[in-house]
Amino acid sequence: MLAIVTDSTCGLTRQEAAELGVDVVPMVYATDFTRHEEGFVGENGPYGELFSASRHIATEAVRSSTFEGVFRRHLEEGDDVLCVTISSRLSGTFRSAEEAAAAVASPRVAVLDSWLTAGALEFLVRRARALADSGMELPAIVSTLAEKREGTRIVFSVPDMVALSRSGRLGAIRRAVATKLNRYPVMALSEGGIVKLADGRGARGMAAAMVECVPSDASELLVSHFGPRGVEAREVFLAAREKFPQAHVRVKDGGPVLAEHLGLGAVGLSWM
């Protein structure tokens, strides 16, 4: 059997993780130096209020020792292990998973950098389970997922650039977005790094620009909101439903770890 391991930015609920047979390893965030483990979707409480009341907020990558413990447990149970993590360009979690795989030194453990996070990471994890259920072996699953991650995408927008700029993950696009704060910048992950695609005027314009990025044959979309669900998420949901009336469109909380880096009020749209 294949054990699938991922991190908590994948956005699975406890029930979904159980149904998929996925181990969700929690990432950690700290508010005023109090550490919290990120839980399953729907189990993180009113973290937006906590953030607003805190003077210092930070996040931590999953430690290699944590991954190693999970890997060894599954190997002892006779499972092969596939670990699919948040983009290595967004977090050190992938590096921790690689270190853990090197420590266990087993050909039955594979680690894949998803280049993704949030709903897009969930889609890739779901694809991994489907491939395993079809009888595909671990090396072929890794190879197939490495190809499929090109077509699994997330676009996102933020109400302001403060949190994202502070995170240090903007890289070369920093100056390109800094002069247009009167608009919503629409960005995407490309091979794991942040790229800027467009600007939207107001929440409705932002939603239209995001939905325009989605291919016409998309059948399942996922809207992620970071912090309380606000007007931005509503506009993205409505725009997605209007353009893709036959598609299954879900809305989920994106969780505190990503919210710390994107800012409360950020919104994402994922598809495979």
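**Close-up views: rings, a hairpin and some buried corners**

**View A. Phe67 and Phe71, one turn apart.** Phe67 and Phe71 are separated by about one helical turn, because they sit four residues apart in helix H3 (residues 64-76). Keep in mind that this is a predicted model. Both side chains belong to the interior: Phe67 is buried, and Phe71 is buried as well. How the two rings lie against each other comes up with the next view.

**View B. Aromatic pairs, starting with Tyr29 and Phe51.** How many aromatic pairs does the structure hold? There are three. One of them joins Tyr29 to Phe51 in an edge-to-face arrangement, with 5.9 Å from centre to centre and 75° between the planes. This pair ties together distant parts of the chain: Tyr29 comes from strand S3 (residues 28-31) and Phe51 from helix H2 (residues 47-52), 22 residues apart. Tyr29 and Phe51 are both buried. Back to the helix H3 rings: Phe67 and Phe71 also make an aromatic pair, this one stacked, at 5.9 Å centre to centre and with 25° between the planes. Tyr29 and Phe51 have company too, since Tyr47 joins them in one aromatic cluster.

**View C. The S3-S4 hairpin and its sheet.** Here we follow strand S3, home of Tyr29, to its partners. S3 and strand S4 (residues 34-37) run antiparallel and are held by four bridges. Val28 has Glu37 in S4 as its bridge partner, while Thr31 faces Thr34 in S4. Between the two strands of this hairpin there are just two residues, and Asp32 in the turn takes a positive phi of about 50°. Zoom out a little and the hairpin becomes part of an open sheet of three strands, ordered S4-S3-S5 with antiparallel pairing. S4 and strand S5 (57-60) are the edge strands, each pairing on one side only. On average, neighbouring strands of the sheet are turned by 25° against each other, direction ignored. When tracing side chains in this view, remember that in a regular strand they alternate between the two faces of the sheet.

**View D. Val41, a meeting point for far-apart stretches.** Val41 sits in the loop that runs between S4 and H2. Is Val41 buried or exposed? Its relative accessibility is 18%, so Val41 counts as buried, the cut-off being under 20%. Beyond its neighbours within four places in sequence, Val41 is in contact with Gly11, Leu12, Thr13 and Asp253. Asp253 is quite a jump along the chain: Val41 and Asp253 are 212 residues apart in sequence, yet their C-alpha atoms are 6.4 Å apart in space.

**View E. Ser114, tucked into a loop.** Ser114 belongs to the loop between strand S7 (109-113) and helix H5 (118-133). With a relative accessible area of 0%, Ser114 is buried. What does its side chain reach? One partner is the backbone nitrogen of Leu116, at 2.9 Å. A polar atom of the Ser114 side chain also lies 2.6 Å from the backbone oxygen of Thr85. Leaving out residues up to four places away in sequence, Ser114 touches Val84, Thr85, Ile86, Ser87, Leu121, Leu124 and Arg149.

**View F. Arginines over aromatic rings.** Arg149, one of the residues touching Ser114, turns up again here. Arg149 lies over the face of Trp115, at 3.6 Å from the ring centre. The second example is Arg229: its charged end sits over the ring of Phe237, 5.9 Å from the ring's centre.

**View G. Positive phi at Ala118 and Glu191.** Most residues other than glycine have a negative phi. Which way do these two go? Ala118 has a positive phi, near 55°, and Glu191 has a positive one near 50°. Ala118 is found in helix H5, and it counts as buried because its relative accessibility is 3%. Glu191, on the other hand, is placed in the loop between strand S9 (184-190) and strand S10 (193-200). If you want another positive phi to look at alongside them, go back to Asp32 in the hairpin turn, at about 50°.

Methods. Residues are numbered from 1 along each chain as its sequence is written. This is a predicted model: local features need pLDDT of at least 70, side-chain atom pairs count only at pLDDT 80 or more; totals for chains, interfaces and linings use all residues. Side-chain values use heavy atoms; hydrogens and water are left out. Buried means under 20% relative accessible area, exposed over 50%, partly exposed in between (1.4 Å probe, protein chains only). A polar contact is a pair of N or O atoms within 3.5 Å; within protein, one must be able to donate a hydrogen and the other to accept it, and residues adjacent in sequence count only if both atoms are side-chain atoms. Contact means heavy atoms within 4.5 Å. Rings of Phe, Tyr and Trp (its six-membered ring) pair if their centres lie within 6.5 Å; planes under 30 degrees apart count as stacked, over 60 as edge-to-face and the rest as tilted. A charge sits over a ring if NZ of Lys or CZ of Arg is within 6 Å of the ring centre and within 35 degrees of the ring normal. Two strands pair if DSSP finds at least two bridges between them. Axes are lines fitted to C-alpha atoms, for helices over the stretch in contact, and angles run from 0 to 180 degrees between N-to-C directions.
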